[in-house]
Amino acid sequence: MSKYQPYDVMPGDKVNASGDPVTVDRYTGSARINHWITAASLVLLALSGLSLFHPSLFFLTYLFGGGDFTRFIHPWIGVVLFFSFCGLFLRFWRANLWEGADNTWLARISDVLRDKEENLPEVGKYNAGQKMVFWSMSALIVVLITSGIMIWDRYFSNVFTVEQQRIAVLVHATAAVVAICVWIVHVYAAIWVRGTISAMTRGQVTGGWAWRHHRKWLRELVTGGRKS
Amino acid sequence: MTNSWTDIRNTDLVIIMGGNAAEAHPCGFKWVTEAKANRGAKLIVVDPRFTRSASVADMYAPIRQGTDIAFLNGLINYCITNDKVQWDYTKAFTNATYVVKEGFTYQDGLFTGYDETKRDYNKSTWDYEIGPDGYVVSDATLQNPRCVWNLLKQHVSIYTPEMVERICGTPKEKFTKIAAMVGETSAKDKYMTSMYALGWTQHSKGSQNIRTMAMLQLILGNIGVRGGGMNALRGHSNIQGLTDLGLMSNLIPGYLTLPTEKEATFDGYMSTRGFKPLKPDQMSYWQNYKKFFVSFQKSMWGEAATAENNWAYDYLPKLDVPQYDVLRVFELMFQGKVNGYLCQGFNPLLSFPNRKKLTAALSKLKFLVIMDPLDTETARFWENHGEYNDVDTASIQTEVIQLPSTCFAEDEGSTTNSGRWLQWHWAGGTPPGEARKDTWIMAQLYQRLKALYQKEGGAYADPILNLSWNYKDPGEPTASELAREMNGSALEDVPDPTDPTKLLLQKGKQLVSFAALRDDGKTACACWIYSGCFNEAGNNMARRDTSDPDNTGAYSKWAFSWPVNRRILYNRASADLTGKAWDPSRKLIEWDGAKWAGYDVPDIAPTAKPDVVGPFIMNAEGTARLFARGLMRDGPFPVHYEPFESPIANPIAPKIRGNPVARVFKGDMEQFGDAKDFPYAATSYRLTEHFHFWTKHVEINASLQPEFFVEIGEELAKEKGIKSGGWVRVWSNRGSVKAKVVVTKRIAPLNCDGKTVHIVGIPLHWGFTGVAKKGFGPNSLTPYVGDANIETPEYKAFLVDIEPIVGPTA
Amino acid sequence: MRFEFELPNPPTQDVKSDLSERDWVRRSASTVPPPERKLTSIAKLIDVSKCIGCKACQAACLEWNDKRTEVGVNVGVYENPHDLTPDMFTLMRYTEWVNPETNNLEWLIRKDGCMHCEDPGCLKACPSPGAIVQYSNGIVDFVHENCIGCGYCVKGCPFNIPRISKVDHKAYKCTLCSDRVAVGQGPACAKACPTHAIVFGTKEEMLQHAEGRIKDLKSRGYANAGIYDPPGVGGTHVFYVLHHADKPEIYAGLPNNPRISPLVNLWKGGAKYAGMAIIGLTAAFGLLHHVISGPNRVKPEDEENAKKLAKGRAS
């Protein structure tokens, strides 16, 4: 029996109706591992990157055992991040496809910030903000890995001209700043919207959380994809 | 050098031709830079390639290799035609006014008396008319059609700017521009210096190349003056010293000559030396020959050389051929007539022409002894190094004995630089491993030979057994002991003939200079021209006083300059017939009414009156020779002869191949290539980054110029489809080499006699030992022929073909 | 006669270094107190018109710094090694140039290496405190124990000079022989130069000497002879006399008007502060929002609704 599978319902997403409160499986173990590798890489990259970006933050290199090792490890972490993020991308890209409702959601962003979700359309697995984080991170990581390789002196110093490297270093820095900001938004949103973090720790959220923030997704899970 | 390195800073015009001073003598070249920067001197470079010297020149002109005489005769012709002659100098100080014997002629490239089968001249007509008084006939008015000047004028008249362009490929405008610059130095206060090196010597007419420039310098009044001269840039730090001490097989130290077979008796030997003056009251310095010779013999054999045995004249070998030059020795070796070869500080396998022949020759030896600080190619000639030395080791039976020797920095002693300065140096390091000084090796060899003769006897052992060997340690004479021996000492007390209570010379004391030498056996001196280097005043070669009164560039208290600390040879010629300096701002010595005095040691008797005694006292005439008499084998005037391998026939004498009197061994003539098979004119040279074949053993030098290459012009590269940085094969009729190629604008094709001539440049620093990349030397390609007078091999002009190849895979 | 600006021979006794951190005027990614004394500004003058391209400077540089470069290959040019390397701090660059005015070939030979800019781009770009310092005499020096090998100096340099070692991952370039200068000697290359094309002294003396050289060159027909002491980087402590000062680019690409790239200026100037500000603002916005709006909590009715929905499905 083939089932209609909504685009934002992913394998493993499941409502556990028997519990009280109802719990919803939002992320599989492997997705969570993938996420946390990415997250850790990103944090380490931000710290090591910032240490070389502004002299006042050079002290951060001590976290990595000094400037030499920071210079050595930063690009390798970048490589880890890139592949790890590729994993996330492959998992989540479908669920992050943009929909008409996302525009409405975005248009009512002030309601979002003021916690008036009743004014918003019902949201699938991801709201427009999450999707924007996803897509901007995807784009930024491509930019960062590309520009990063161009200034990875150890292996690529002879491949690009100094002028190209100068452009790359500026692009890399700019993209990194934006990425850090996006990351801040992402983390803040997870903190602000209570009950979110458990999705990435235990893989579960409560039914109420899903009802409140991703009702369309919850409905899809309950109906098993059947149109009600 | 007639002058010194430091004197070059006094010049108005430097002409570098037949050399590449900036490239091959960068340290000495600083004096050119100084002259340019401080005097506004100009620099002319004439070379087939736009060299490193050319890169800092005011004027560069290309020339086809091997055509320098045409260019220089062209300059002489220009100066004569345009009245750019220092007339007072030319008339008084050269043989321009002398009348040449009836019968002497020149036609179609040949002088009177040529014998084609002997490849030699009967030179009897090549001399002056001698008057009834026994002196040379001269015509001060230069009216006599047979005077040297008129013959010279006639001789060079064909070398017009058009002819120069036709032969040399030098554009006419460039030639005339240079001629005008050179001509200006005929002014009494304008001097040009000529700097040359192997670019002139390594030709089948090398001696004449140099002689032609000397003639030009003479008619311009540029010899014997500050900032003038003929300045040979010697290739090794001490090659001048080696030459002074008898490098050539027909010489003994101080340019005395070894007897020939025909000179069986001492009197016979002496009769052709010690030239009688050809002018009244002229000083002919070689009249002292006997003093130099006897003192040399006393230095060699001490008490065994007596008046009774003609100072051991019989101990000297008598030459059966003009000389045993390197080409002849290797030819004999090739014929299997040489058993053993002691090779001291030399790398013949890369240094002599036609490497294939050299390998064959060395393979016929019973033994080869190598004394060298480095592992040379010659020492390894038997070892197969793939294509770089493709020999069949098993078939070579030569026993090779390598004796590691010290290098200059591990040794004390003196080196004689191009400017004839004997400069003492001290050991800077300890020799590695088993390396021993050459003096130790030679002394040990002598001691063992002597012991063998004593024990076993032998045919005429006297020269060995009686050799004077008075060194503190007979097994290792010290540098000081040898230097003192060269300076010479008194063997007996010599009383002053005017006051017998005084001693002229005290027994055992070092001689002040060669002026004290005697022909009665009371003095010993191993090398008369070096006398004064280590006298009772001490080791003058070790002097390090940089004072230079009035900034003349003489530095008379720095080291010792032979002869008698004279810094500029023929310096008497710097003053006119009244004894006043031609250029008062560049005074050297002047006549004060009673004697000569000034900044330098006068090159004349101090009391010789200026209007009586000519300045060139080593010539019996007292004047310099524009007409060489019979002293040059290939003619009293220089003639343009093509190289033996030339892209065109000689435009002035199409039937003559090469130099008509250059010696060519049987078999070598057949190995000369023709332009139809080998269309490109090749030349060999050195690069600044390396010193001969030594520095390829040094990591830094090797990294600065790592790999053998040849250079060609962009036009030839295009024609042949050759890409810069790619591989090519270059071959002559004697061999083939593989090389990287540098395509450059610095080598441009020339138009000679209506034909486009492409040049292939082949530097010579690579071989198969050392730390640089393995490579070849140009001697794999060069012809086996030397200069007609002194047999310097013709390395600078030969023919090759070239093609692009796929390089060896690394 | 002594040569002008002849450098002294090495002392036979120990000499104390007269160059220390007290003479720093700039220190990368950090600040230094103003020095108590101001050393005389020094300079190395490279007179291209006197240079014969002998590479003695390269050999002397390798010897003094105790470096070796590989025995490489010939690639159809005279440059060896083929570029500056972490071991070869100076390089003769050869250009064959046909002068369009005279139609004569000129072989332009320029000694390449660090220019020791008054306003050093490498120092500006360097993120590591104290890895690059500038002395009050003008020498810009790399302090290798502080270098992290990031290659930012390469991007900062308008002359493309520093090279990063593949062995120890540190940046290297000409030190102007700061260790020799510190004991009253001149740079090794200047000492070795046979034609005195490289001279060393105070900047003022060198400028004066250059004037004389330019006069000489003009008298020889080089109407555009001049110095190359680019103002875009505040002048340099290694500068050239060129026969064709109007066309520096013909000397193996000597930049016409070098200055620190605007990209680098942006990166190390505005971007550095703007980036930090943007990050800070974003974080502050979050904080502020949280303070104002408080946490977004799931309400009990949400759980109820969820339960209903789930049960509804189950029944």
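# A walk through a predicted three-chain model

In this predicted model, 49 residues of chain A are in contact with 45 residues of chain C. On the side of chain A that touches chain C, the elements giving two or more residues are the helices α1 (29-53), α2 (67-92), α6 (153-156), α7 (162-192), α9 (207-213) and α10 (215-223) of chain A. Among these, α7(A) provides the largest share, with 15 residues. If the residues on this side of chain A are sorted by character, 28 are nonpolar, 11 are polar and 10 are charged.

With that contact in mind, we can look at chain A by itself. Its secondary structure comes to 10 helices and three strands, and, read from the N terminus on, the elements follow the order β-β-α-α-α-α-α-α-α-α-β-α-α. The C-alpha trace of chain A spans about 60 × 35 × 35 Å along its principal axes, and 41% of the 228 residues of this chain count as buried. Among the contacts in chain A with a separation of 6 or more, 68% are accounted for by residues 24 or more positions apart.

Chain C also meets chain B, in a contact that takes 35 residues from chain C and 38 residues from chain B. On the side of chain C that touches chain B, at least two residues each are supplied by α1 (56-64), β3 (91-98), β4 (105-112) and α6 (203-219) of chain C. The largest share here, five residues, comes from α1(C), and the residues of this side divide into 16 nonpolar, 11 polar and eight charged. Chain C itself is divided into domain 1, which covers residues 21-257, and domain 2, which covers residues 269-310; the C-alpha centres of these two domains of chain C lie 54 Å apart.

We now turn to the strands of chain B. Six of them close into a barrel, in the order β26-β32-β27-β29-β28-β33 (chain B), and the pairing in this barrel is mixed. From one strand to the next, the twist averages 45°. One pair in the barrel can be followed in detail: strand β26 (residues 680-685) of chain B runs parallel to strand β32 (residues 759-763) of chain B, and five bridges join the two. Within this pair, B:A682 stands opposite B:V760 in β32(B).

Chain B also holds an open sheet of three strands, with the order β12-β13-β14 (chain B) and parallel pairing. The edge strands of this sheet are β12 (340-344) and β14 (399-404) of chain B, each of which pairs on one side only. Direction ignored, neighbouring strands of the sheet are turned by 10° against each other on average. Strand β13 (residues 367-372) of chain B is joined to β14(B) by six bridges, and the two run parallel; here the bridge partner of B:D372 is B:P404 in β14(B).

A further strand to find is β2 (residues 42-46) of chain B, which is mostly covered, with four of its five residues buried. Five bridges join β2(B) to the parallel strand β1 (residues 13-17) of chain B, while three bridges join β2(B) to strand β3 (residues 59-61) of chain B, again in parallel. The residue B:V45 can serve as a guide to both pairings, since B:I16 stands opposite B:V45 in β2(B), and B:V45 in turn stands opposite B:Y60 in β3(B).

Among the helices of chain B, consider α7 (residues 161-168), in which B:V164, B:E165, B:R166, B:I167 and B:C168 are buried. The buried residues of α7(B) pack against three elements of chain B, namely α4 (68-81), α8 (172-183) and β30 (750-752). Just after this helix, B:G169 takes a positive phi of about 80°.

Finally, which residues touch the most other members of the largest nonpolar core? In this core of 258 residues, they are A:A179, B:V14, B:V148, B:I712, B:V730, B:V760 and B:V800. The largest share of the core, 14 residues, comes from α7(A). Leaving aside its neighbours within four places in sequence, A:A179 is in contact with A:M137, A:L140 and A:L144. A second, separate core has 38 residues, including B:Y269, B:F292, B:A483 and B:F560. Two names from earlier return in this picture: α7(A), which gives the largest share of the side of chain A that touches chain C, and B:V760, which stands opposite B:A682 in the barrel pair.

Key: Residues numbered from 1 in each chain as written. Chains lettered and ligands numbered in written order. Predicted model: local features only at pLDDT ≥ 70, side-chain atom pairs only at ≥ 80, totals over all residues. Pairing = 2+ DSSP bridges. Axes fitted to C-alpha atoms, helices over the stretch in contact; angles between N-to-C directions. Contact = placed C-beta atoms within 7 Å. Nonpolar A, V, L, I, M, F, W, Y, C, P; charged D, E, K, R; others polar. Buried ≥ 20, exposed ≤ 12 C-beta atoms within 10 Å, placed from the backbone. Domains from an automatic or database assignment. Core = buried A, V, L, I, M, F, W, Y, C linked by C-beta atoms within 7 Å.
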